[in-house]
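Please open the model in your viewer and keep the selection tool at hand. The tour below proceeds one selection at a time.

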Amino acid sequence: MGRIDGAEVARHNSKKSCWIVLDSKAYDVTSFLGEHPGGAPIILRNAGTDATEEFKKYHPLDYIRDYLPSDAFLGPVDPSTFGQLRQIKDEKAKKSSETDNANEVPHVSMCVATTDFEQAAKAVMPHKSYIYASTSANTGLSLKGNLDDWGRVSFRPRVMRNVGDVDTRRKIFGHESPYPFYISPMGTMGAIHQGAEPEMYKGAVRKGIHAVVSTASTKSSEQIMQSFVEEQEKMNGASPTRLFYQYYMPVDRKKAIDLMRIVKRCGYKGLWITVDTSVLGKRTADRYLQAEEALAVGIEEESASSWEAGNENAFAPAMGGRVAQGQLSPHTTWEDLAWIRKEWDGPIVLKGIQCAEDAKLAMEYGCDGILLSNHGGRQLHTAPSALMTLCEIRTYCPEVLKKLEVFLDGGLRDGNDVLKALCLGATAVGVGRPFLYALGAYGSKGVERCVDILAEELQTGMRLLGITTLDQCRPDMVSASRLLNEMWRPDQFGVKSKL
Ligand SMILES: Cc1cc2nc3c(=O)[nH]c(=O)nc-3n(C[C@H](O)[C@H](O)[C@H](O)COP(=O)(O)O)c2cc1C
């Protein structure tokens, strides 16, 4: 096969004929434009260029083989003609006038609350990546509810309790961590920081906290585990950090099983099956951005519905307002847990439980844990916060709290809020965006700083609440009456629930 000239590639830069270079090879991706889960505009923007670095932010290079049509490969590009490829201006963070931000990140020590990382990240991250991290569903009320509800539970502290020394340790499925919080699974970290997931989990390993790795990660499950093991070795195995795996079930059963076997072989400690994403929620800010991008390259926004249905294709990471076809199965039912259990003998957690009835079902179906979550407010419009669901469980099926490990996530930004969740019966809590922004602005140093901030708030909170170990957390140490006032009642509208 002959070598292709860079200048020739550069000429194919339209939707009629779109070529790109990936890993020094030229591909004709014209027929793939309409099938790309991230939309055609992002490819068209890179038409005629070497798109390798851009591609690697979102996908492992293996995806070229797995997803591009077999006849897309044109041949290797003549290295002496690389300079003739089309060049595009690198997408940097928007100018300060557009973002109301300074472009400089403050020194990491200036981040004293977890919320400080967002501004720092916004100043340096590509605008598209910031939109991806910060977006939420519909009008944003689910996210707002998550953030607000932590403030609607207040403490009932005890005093004069000798709180000189406090112990913040907690176990997740027998794996001890210095703190009762972990890093929530978040996809496509390559769009946030060039070190992607390995950089995030480097910070986790150094601080000893656990993390749940997303199916939709930029790096493969194997690469993430390998870099994690290397980091552990650098610390001579002294870090208690363990990686768990967040599982999006592919539509195709064989692929679903293959993925589970990879996860098992890699040594992930538990399977956290995401159940709140039968289809992708409406990610409003992403949609605006996609429409802008489409108009910028002269094509109108295509209808989104076909992208969201889930289809017969392989698992792949999603970014933006659309999911890769075949990645999410809208057909999953409780009965699927039977074959999953045959394949997976470790702990199973259902991620995205949002009412007491489903918490009880998870227990009856033999799950080991549940994660009360509305996906960081990115899925159902006006979904309940994790705290509201926890109140329901305490009220209607408290036995779940004794039998299962119960996790919460969504909107948690302060170490004191971790304590509230534990007082109400949670095992541990997940933290998402603060770690993502910390990664974006400062890499693993930011991740470490974020752990320190939460840890210090937690320790101070314990002392001021009058406890020295997390086992002393009890429901009477908080008042949740504001949430209880609004909590769903089984006799609402005179209709009896199946509870
Ligand atoms: C950018 C981003 C990507 C996410 N990707 C995933 C994912 O791939 N799988 C998943 O189960 N949850 C995903 N989530 C949801 C988180 O696991 C978690 O439920 C949520 O972020 C917690 O809310 P918080 O960000 O307010 O802390 C993602 C969240 C964000 C912000």
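Begin with α18 and α20, where α18 passes α20 in a right-handed crossing. To display the pair in this predicted model, select residues 415–423 for helix α18 and then add α20. The axes of the two helices come within 6 Å and cross at roughly 55°. An angle under 35 degrees would count as roughly parallel, and one of 65 to 115 as roughly perpendicular; α18 and α20 are therefore oblique to each other.

Next, show the side chains where these helices touch. On α18, select G415, N416, V418 and L419. They meet a set of α20 residues: L454, A455, E456, E457, L458, G461, M462 and L465. If you colour the contact of α18 with α20 by class, seven residues are nonpolar, three are polar and two are charged.

Keep helix α20, residues 444–465, on display and add α19. Which way does α19 cross α20, right-handed or left-handed? The crossing of α19 past α20 is right-handed. Here the axes come within 6 Å and the crossing angle is roughly 140°. Only an angle over 145 would count as roughly antiparallel, so α19 and α20 are oblique to each other.

The residues to select for this contact are P434, F435, A438, L439, A441 and Y442 on α19, together with K445, G446, V447, R449 and C450 on α20. By class, the contact of α19 with α20 holds eight nonpolar residues, one polar residue and two charged residues.

Now turn to the ligand. How many residues surround the ligand? There are 24, and the closest are G187, S214, G376, G432 and R433. Three elements give two or more residues to this shell: α7 (127–134), β14 (428–431) and α19 (433–442). Helix α19, already on your screen for its contact with α20, thus appears again beside the ligand. Coloured by class, the shell around the ligand shows eight nonpolar, 13 polar and three charged residues.

For another helix pair, select residues 221–234 for α10 and residues 253–266 for α11. Their axes come within 10 Å and cross at roughly 10°. That angle makes α10 roughly parallel to α11. In this contact, S221, E222 and M225 of α10 meet I262, V263 and C266 of α11. Four of the residues in the contact of α10 with α11 are nonpolar, one is polar and one is charged.

Finally, select residues 1–78, which an unreviewed UniProt entry annotates as "domain: Cytochrome b5 heme-binding". Over this stretch the chain is 32% helix and 15% strand. The C-alpha atoms at the ends of residues 1–78 are 12 Å apart.

Note on methods
Residues are numbered from 1 along each chain as its sequence is written. This is a predicted model: local features need pLDDT of at least 70, side-chain atom pairs count only at pLDDT 80 or more; totals for chains, interfaces and linings use all residues. A residue is near a molecule or strand if its C-beta atom, placed from the backbone, lies within 6 Å of it. Helices (H or I, at least four residues) and strands (E, at least two) are DSSP runs, numbered from the N terminus. Ala, Val, Leu, Ile, Met, Phe, Trp, Tyr, Cys and Pro count as nonpolar, Asp, Glu, Lys and Arg as charged, and the others, Gly among them, as polar. UniProt positions are given in the numbering used here, feature names are shortened, and annotations may be inferred rather than shown by experiment. Axes are lines fitted to C-alpha atoms, for helices over the stretch in contact, and angles run from 0 to 180 degrees between N-to-C directions. A crossing is left-handed if the near helix is turned anticlockwise from the far one by less than a right angle, and right-handed if clockwise. Two residues are in contact if their C-beta atoms, placed from the backbone, lie within 7 Å.
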